[in-house]
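Visitor: I should like to go through this fold with you. Could we begin with the strands?

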Amino acid sequence: MISLKITQSRSLIGSSGRQRRTMKALGLRRLHHTVTHHDTPVIRGMVRSVSHLVKVEEITAQEQETE
């Protein structure tokens, strides 16, 4: 199963309330904070809406086991 490693790369200062709520729903709290989520259409849509604030990496099951 493919997962997404999502890292907050930009500040939320000046962003809309909707974007702030999306970041909170993703579990991102501060700059350089990283979370891992399963690759689902819902998560992809959330990431797309805040794509200018985050960096995303795809990781496979084999890569997850080595971490």
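Guide: Certainly. Two strands count as paired if DSSP finds at least two bridges between them. Please note that this is a predicted model.

Visitor: In what order do the strands lie in the sheet?
Guide: The order is E2-E1-E3, in an open sheet of 3 strands with antiparallel pairing. Strand E2 (34-38) and strand E3 (54-59) are the edge strands, each pairing on one side only. From one strand to the next, the twist averages 25°.

Visitor: How many bridges join E1 to E2?
Guide: Strand E1, residues 3-8, is joined to E2 by 5 bridges. Within this pairing, threonine 7 has threonine 34 in E2 as its bridge partner.

Visitor: And what packs on the sheet?
Guide: Helix H2, residues 41-49, does so, touching E1, E2 and E3. The direction of H2 makes about 25° with that of E1.

Visitor: Changing topic: which residues touch the most other members of the largest nonpolar core?
Guide: They are Ile6, Met23, Leu26, Leu28, Ile43 and Val54, in a core of 13 residues. In soluble globular proteins, nonpolar side chains tend to be buried together.

Visitor: Which elements give two or more residues to this core?
Guide: E1, helix H1 (17-26) and H2 do. H2 gives the most, with 3 residues.

Visitor: What is valine 54 in contact with, leaving aside its neighbours within four places in sequence?
Guide: Valine 54 contacts Ile6, Thr7, Gln8, Ser9, Met23, Leu28 and Val47. Among these partners, Ile6, Met23 and Leu28 were also named for the core.

Note on methods
Residues are numbered from 1 along each chain as its sequence is written. This is a predicted model: local features need pLDDT of at least 70, side-chain atom pairs count only at pLDDT 80 or more; totals for chains, interfaces and linings use all residues. Side-chain values use heavy atoms; hydrogens and water are left out. Helices (H or I, at least four residues) and strands (E, at least two) are DSSP runs, numbered from the N terminus. Axes are lines fitted to C-alpha atoms, for helices over the stretch in contact, and angles run from 0 to 180 degrees between N-to-C directions. Contact means heavy atoms within 4.5 Å. A nonpolar core is a set of buried Ala, Val, Leu, Ile, Met, Phe, Trp, Tyr and Cys residues joined through side-chain atoms within 4.5 Å. Buried means under 20% relative accessible area, exposed over 50%, partly exposed in between (1.4 Å probe, protein chains only).
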